[in-house]
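Visitor: Could we go through this structure together, a piece at a time? I'd like the cut-offs spelled out as we go.

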Amino acid sequence: MISTLTKKNNFDIVFDSQKVFRIILEAMSNPAKIIDLGEHTDDLFCAYPAFLATAMTLLDNEVSYHVCGNDPLAGEIASLTLAKQDRIEAADFVFVFAPDEIEKVISSAKYGTLADPQKSATLIIYDDGDPIHPLTFSGPGIDGFRTIQATSTVKAAITLRDKQEYEYPQGIDFLFISEAGELFAVPRLITVA
Amino acid sequence: MGIEHRKLTNNHYNFAFLDEGSKREIRRATLKAVAIPGYQVPFGSRELPIGRGWGTGGIQLTLSLIGPEDTLKVIDQGSDESVNAVSIKKFVGLCTQVKTTTRTHEATLIQTRHRIPEIPLTQGQILVLQVPIPEPLRIVEAREEITKQMHAEKDYAPIWLQLYESLVKYNKVTIASEYPCMVEGRYVMNPSPIPKFDNPKLHKSSCLYLFGAGREKKIYAIPPHTEVISLAFDDVPFEIESFAGQQCRLCGSGNTYLDEVFDAQTGERFHQCSDTSYCKEVVDHAQ
């Protein structure tokens, strides 16, 4: 029996990674600015290409990750990046697909130390739902204030983060990505009015 | 796009010289640096075909950022034509084939040593600064583990004391470049050896500033619209260099940072703009 092998993903690890990184960098530098990642993830054939593209851009065997609520994606990330799967408490990147697990993730994610605040988790959250909550953000990267219509997931995540009362520079950083590949970031210094 | 660009680039090197694992590590450090403005994120600095201390931190940042659609400008002490600037521009060009420019407003990515361009940078532009000594506390404390703890505890008394001693001894703060500044009220940061004249350009800027120290293995950042205040006492405000009464001998500008040039044969001293591309644009515009 002859089986046909097809190349599953045409994501160019050099050029597509560079483009995706620049989009993530722009999002981190301009918090709460919504940026379209979708057009750069067309070469990935999976259920959540924007998430896989982010993983392929940032993850490798030097970092660890945890995926909540999406076992197929966890496997894809493992096979494509060779990053280590780890507990939430130890993971450098946590991908969250289950809204009911956000509280557990935020209360468990590592938030660095005063001396090494970079040893903290980046939470990449599936932003699903209707954008019904106007949220006004301020902080570095925002000229004054920036207001966006956010989903209940975003509002809950930021509320739960604030409840942790991290002592800056400790903290966690958020990337919210919708199914359509729209991305925005909320780094640790950004506050909601 | 990727495949088309591969055909154009030098086959002996990966695009942008660095291997993808190195770029990923630098990119992760860059994102953390942006999230914690002014904090020096450690990274595994790579070997490059130039010596450490000659801009390898800036080059590594540039190589991990650059893509086929970028337009690159490189300056050294404000000049597009100095050896360091030309060499770095050639090196990056060799392994990326990106478009280069001397015009500040055309560039999406600017690598610089010791100056910030005169033209205000805009949203979307990234300025990469080469940094020889990223630690602002090194002048008061030699041990890395101690300065790290001082940053953790926001213990900046020794750097304030250094400013005070300077005032007592000389009646003014005598730091000419690498003038320390406070970022978002939390981290004291070394803005790299830019003159004091350029410090105010860091405050609430529209562009992203990235700082790379290759020898010291540190990356730090100032995102757009971030508060960057040069250290000063309430009764002794921060002052930049004054060029009162001087103007550029080429373009006539009196509001730019001027280099003093000495002609040993005639004994004549004159001034000209440190930012050569700005100077040339003013001259071209006047003609």
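Visitor: Where does A:Pro169 lie in chain A?

Guide: A:Pro169 lies in the loop between α5 (152-164) and β8 (173-177) of chain A, where helices (H or I, at least four residues) and strands (E, at least two) are DSSP runs, numbered from the N terminus. The peptide bond from A:Tyr168 to A:Pro169 is cis, with omega near 15°. This is a predicted model, in which local features need pLDDT of at least 70 and side-chain atom pairs count only at pLDDT 80 or more, while totals for chains, interfaces and linings use all residues. Residues are numbered from 1 along each chain as its sequence is written, chains are lettered from A and ligands numbered from 1 in the order in which they are written, and side-chain values use heavy atoms, with hydrogens and water left out.

Visitor: OK, switching to chain B. How many helices and strands are there?

Guide: Chain B has seven helices and 12 strands, and its C-alpha trace spans about 60 × 55 × 35 Å along the principal axes. Its radius of gyration is 20 Å, which agrees with the value near 19 Å for a compact globule of 287 residues; that radius is taken over C-alpha atoms, and the globule rule is 2.2 Å times the number of residues to the power 0.38.

Visitor: And what share of chain B is buried?

Guide: Buried residues make up 55% of the 287 in chain B, with buried meaning under 20% relative accessible area, exposed over 50%, and partly exposed in between (1.4 Å probe, protein chains only). Among contacts in chain B (heavy atoms within 4.5 Å) between residues at least 6 apart in sequence, 60% join residues at least 24 apart.

Visitor: Is B:Gln125 buried or exposed?

Guide: B:Gln125 counts as buried because its relative accessible area is 6%, and its place is in the loop between β4 (109-113) and β5 (126-130) of chain B.

Visitor: So what does the side chain of B:Gln125 reach?

Guide: It reaches the backbone oxygen of B:Thr104 at 2.9 Å, and a polar atom of the B:Gln125 side chain also lies 2.8 Å from the backbone nitrogen of B:Thr122. For such polar contacts the rule is a pair of N or O atoms within 3.5 Å; within protein, one must be able to donate a hydrogen and the other to accept it, and residues adjacent in sequence count only if both atoms are side-chain atoms. Leaving aside neighbours within four places in sequence, the residues in contact with B:Gln125 include B:His105, B:Ile110, B:Cys207 and B:Leu208.

Visitor: Where is B:Ser166, and which backbone nitrogen does its side chain reach?

Guide: B:Ser166 is in helix α6 (residues 157-170) of chain B, and its side chain reaches the backbone nitrogen of B:Thr174 at 3.0 Å. B:Ser166 counts as buried, at 9% relative accessibility. Another residue touched by B:Ser166 is B:Asn171, which is in the loop between α6 and β6 (181-183) of chain B. B:Asn171 has a positive phi of about 70° although it is not a glycine, and at 70% relative accessibility it counts as exposed.

Visitor: What about α7(B): which residues there are buried?

Guide: In helix α7 (residues 276-286) of chain B, the buried residues are B:Ser277, B:Tyr278, B:Cys279 and B:Glu281, and the buried residues of α7(B) pack against β2 (71-76) and β12 (269-273) of chain B. At the N-terminal end of α7(B), B:Asp275 acts as a cap, with a side-chain oxygen 3.3 Å from the backbone nitrogen of B:Ser277.

Visitor: Last topic: how many cavities of 30 Å³ or more are there?

Guide: The search of the whole structure finds two. On a 1 Å grid over the protein atoms alone, a cavity is a set of points where a 1.4 Å probe fits but cannot get out, and lining residues have an atom within 4 Å of a point; grid points are joined across faces, edges and corners, and a volume is the space filled by probe spheres set on the points. The largest cavity has a volume of about 120 Å³, and of its 13 lining residues the closest to its centre are B:Tyr39, B:Gln40, B:Glu135, B:Lys148 and B:His151. Helix α5 (residues 144-152) of chain B gives the most to that lining, with five residues.

Visitor: And which residues line the second largest cavity?

Guide: The second largest cavity, with a volume of about 40 Å³, is lined by A:Met28, A:Pro140, A:Pro187, A:Leu189, A:Ile190, B:Val34, B:Ala35, B:Pro37 and B:Pro223.

Methods. 1 Å grid on protein atoms, 1.4 Å probe; cavity = no way out; pocket = protein on both sides within 12 Å on 5 of 7 lines; lining within 4 Å.
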